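Thank you all for making the time this morning. I would like to walk you through one structure, and I will begin once you have had a moment to look at it.

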Amino acid sequence: MSDNWLQYVPLDPEFRPTELAAETALALFSRFVPNADEVVFSFKQEIEFFHPGANWAGVTCSVCGTNVEPWWANKMDDFAADRQFDLFVVTACCQSSVSLNDLGYVWPAAFGRFVLEAMNPNTLGLSVAQESQVEDALGCKLRAIWVHI
Ligand SMILES: [Zn+2]
């Protein structure tokens, strides 16, 4: 038995919508994925990493394109050990200053403090128009992550 989630995480990892905005976005999203098993949102105490699970396909430097997975894994250990960890880091491949949130996740992944998610949405995803309605409700741009467990 495997499950899929469609998650929406604000592009700005620090962004937290108001409770009212979250409820409004939840109602919209629920309407867009009527066959989902469950649609929920959650606020996180600290920034968390939203991992696509079995969909994970590696990570590259967003500046030079190098495969940075081993370096990234070390940074993720630092992140796990210190939740005040600064997401802005200098890459080992080309010494570029980048946010861990903006690396080239081959399959989308994200850092954030808020997530709106649908379990087994039974859809190929929202249309661009639907996504922008949810974004307007929350007051932020979103990144879609498909999680497969
Ligand atoms: Zn690089």
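**Strand E7 and its aromatic contacts**

Let me start inside strand E7, where Leu-116 is the bridge partner of Phe-41. Please keep in mind throughout that what you see is a predicted model. That bridge belongs to a wider pairing, since strands E2 and E7 run antiparallel to each other and are joined over 9 bridges. E7 also pairs with strand E1, which covers residues 4-10, again in the antiparallel sense and over 4 bridges. Here Leu-116 comes up once more, as the bridge partner of Tyr-8.

How much of E7 is buried? The strand is mostly covered, with 10 of its 10 residues counted as buried.

Let me turn now to the aromatic side chains, of which the structure holds 12 pairs. One of these brings together Phe-43 and Phe-114 in a tilted arrangement, with 5.0 Å from centre to centre and 55° between the planes. Because Phe-43 sits in E2, residues 38-50, and Phe-114 in E7, residues 110-119, this pair ties together parts that lie 71 residues apart in sequence. As for their surroundings, Phe-114 is buried, with a relative accessible area of 0%, whereas Phe-43 is partly exposed, at 25%.

Finally, there is an aromatic cluster to look for on your screens, and its members are Phe-49, Trp-56, Trp-72, Phe-79, Phe-85, Tyr-105 and Phe-111.

Key. Residues numbered from 1 in each chain as written. Predicted model: local features only at pLDDT ≥ 70, side-chain atom pairs only at ≥ 80, totals over all residues. Heavy atoms only, no water. Phe/Tyr/Trp six-rings, centres within 6.5 Å; stacked < 30°, edge-to-face > 60°. Helix = DSSP H or I, 4+ residues; strand = E, 2+ residues; numbered from the N terminus. Buried < 20%, exposed > 50% of the residue type's maximum accessible area, 1.4 Å probe, protein only. Pairing = 2+ DSSP bridges.
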